[in-house]
Amino acid sequence: MKKILLIGKLNNIVKETNKFLSQYFHVQLCSENVNVLEGMLKIVNPDLILISLIGAYDIDTSIFFILSDQYKKIPVLTIGTREESNTFFKYYEEDQFENLIRPVENTVIMEAICKRLDLDKKEIEEGITEKKETVDKKRILVVDDNGTTLRTMKAMLEEYYEVTIAISGAQAMTSIGKKRPDLILLDYEMPVCDGKMTLEMIRADEDMKSIPVIFLTAVNDRTNIEAVLKLKPAGYFLKPAIKDRLLAEIDRVLNSI
């Protein structure tokens with residue numbers, strides 16, 4: 001399945017676009033923050049980048065320079081009103097960038113993506129019919145500041161679950177708001193906003209507090225484990241994770257909800 005990095009501010013249009021495209025592609029949401037974007041580009045390695053320009057007059061234009069300089073082989077689609085689009089046309093480089101003018105139907109966005117990726121739209125749509133006949137996968141959000149760990153965990157779990165990743169506690173909160181996961185795997189030791197702070201933010205939100213959280217920790221000593229358990233997570237797991245044990249723990253927690 002082709003991978004799309006969807007960049008934009010949190011709003012209903014972005015949510016609807018994500019919901020529609022997720023039927024056909026693996027869509028990873030990302031904020032327009034440059035530092036977050038650079039990290040996500042390295043982790044996700046997308047086949048196409050989709051940028052929503054809705055309300056993005058304050059977007060950091062260095063995003064366009066990064067994409068055209070370091071990721072020029074990745075096609076970029078932007079979506080915005082004529083006025084919004086005109087603000088950024090001067091930053092577009094050759095054929096890498098293509099713009100769609102709002103209002104635009106999701107089916108038109110789908111057609112543009114297929115064209116840029118040289119895909120047969122009919123085959124993609126037929127493939128989703130088969131997918132709908134299978135049981136929907138549970139969603140898991142993996143939060144860790146280490147890119148290697150995120151890639152490993154994603155590869156380990158994506159056969160069984162729909163996996164979304166976040167490289168910080170702040171990005172995790174944004175991701176949860178856009179697409180609620182069924183379970184969160186949360187790194188305990190993270191800079192700035194660590195696992196404890198992230199869990200506290202999750203539990204302080206009425207819409208998020210019931211989501212089970214399994215802590216991931218690389219520190220295997222009594223003091224650290226006691227500190228983790230005091231937060232009463234749904235579970236905790238020592239890194240590096242062993243696939244069979246992790247899958248069993250996730251299954252245990254999901255079945256206990």
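The legends below describe close-up views of a predicted model.

**View 1. Helix α1 and the elements that cover its buried residues.** Helix α1 spans residues 12–21, and its buried residues are Val14, Thr17, Asn18, Phe20 and Leu21. Seen down the axis of α1, these buried residues fall within an arc of 165 degrees, so they line one face of the helix. On the other side of α1, Asn12 and Lys19 are exposed. The cover over the buried residues of α1 includes strands β1 (3–7), β2 (26–30) and β3 (48–52), together with helix α5. Phe20, one of the buried residues of α1, also belongs to a cluster in which ring pairs link Phe20, Tyr24 and Phe25.

**View 2. The stacked rings of Tyr92 and Phe97.** The structure holds six aromatic pairs. Among them is the pair formed by Tyr92 and Phe97, which is stacked, with 5.0 Å from centre to centre and 15 degrees between the planes. Both Tyr92 and Phe97 are buried.

**View 3. A salt bridge between strand β5 and helix α5.** Of the 11 salt bridges in the structure, the one shown here joins Glu98 and Arg116, whose closest N and O atoms are 3.3 Å apart. The pair links distant parts of the chain, since Glu98 lies in strand β5 (residues 97–101) and Arg116 in helix α5 (residues 106–116), with their positions 18 residues apart in sequence. Glu98 counts as partly exposed at 26% relative accessibility, and Arg116 likewise counts as partly exposed, at 24%.

**View 4. The salt bridge of Asp187 and Lys239, with the cis peptide bond that follows Lys239.** The side chains of Asp187 and Lys239 meet in a salt bridge of 3.2 Å, N to O. This pair, too, links distant parts of the chain: Asp187 belongs to strand β8 (residues 183–187), whereas Lys239 sits in the loop between β10 (235–238) and α11 (243–255), 52 residues apart. Asp187 is buried, because its relative accessibility is 1%, while Lys239 is partly exposed, with a relative accessible area of 21%. A cis peptide bond joins Lys239 and Pro240, with omega about 0 degrees, and Pro240 is placed in the loop between β10 and α11.

**View 5. The salt bridge of Glu158 and Lys154.** The side chains of Glu158 and Lys154 meet at 2.9 Å, N to O. Lys154 is buried, with a relative accessible area of 14%, whereas Glu158 counts as partly exposed at 38% relative accessibility.

**View 6. Helix α9 and the surroundings of its buried side.** In helix α9 (residues 195–204), the buried residues are Gly195, Thr198, Leu199 and Ile202. They cover an arc of only 100 degrees around the axis, which puts them on the same side of α9. What covers these buried residues includes helix α8 and strands β8 and β9 (213–217).

**View 7. Ser175 in helix α8.** Ser175 lies in helix α8, which spans residues 169–178, and counts as buried at 11% relative accessibility. When its neighbours within four places in sequence are left aside, Ser175 is in contact with Leu141 and Thr164. Ser175 and Met208, which are 33 residues apart in sequence, are separated by 11 Å in space, C-alpha to C-alpha.

**View 8. Backbone geometry in three loops.** Most residues other than glycine have a negative phi, and most peptide bonds are trans. The peptide bond from Arg102 to Pro103 is cis, with omega near -5 degrees, and Pro103 is found in the loop between β5 and α5. Asp118, in the loop between α5 and α6 (121–132), has a positive phi near 55 degrees and is exposed, with a relative accessible area of 71%. Val192 has a positive phi as well, near 65 degrees; Val192 is placed in the loop between β8 and α9 and counts as exposed at 83% relative accessibility.

**View 9. A nonpolar patch on the surface.** Leu229, Tyr236 and Leu238 form this patch, and together they have about 230 Å² of accessible area. Leu229 lies in helix α10 (residues 222–230) and is partly exposed, with a relative accessible area of 44%.

Conventions
Residues numbered from 1 in each chain as written. Predicted model: local features only at pLDDT ≥ 70, side-chain atom pairs only at ≥ 80, totals over all residues. Heavy atoms only, no water. Patch = residues over 30% accessible without salt bridge, like charges linked within 9 Å, V, L, I, M, F, W, Y side chains within 5 Å. Areas by Shrake-Rupley, 256 points an atom, 1.4 Å probe, with all protein chains shown as cover. Salt bridge = Lys/Arg side-chain N within 4 Å of Asp/Glu carboxyl O. Helix = DSSP H or I, 4+ residues; strand = E, 2+ residues; numbered from the N terminus. Buried < 20%, exposed > 50% of the residue type's maximum accessible area, 1.4 Å probe, protein only. Contact = heavy atoms within 4.5 Å. Phe/Tyr/Trp six-rings, centres within 6.5 Å; stacked < 30°, edge-to-face > 60°. Arc of directions from axis to C-beta.
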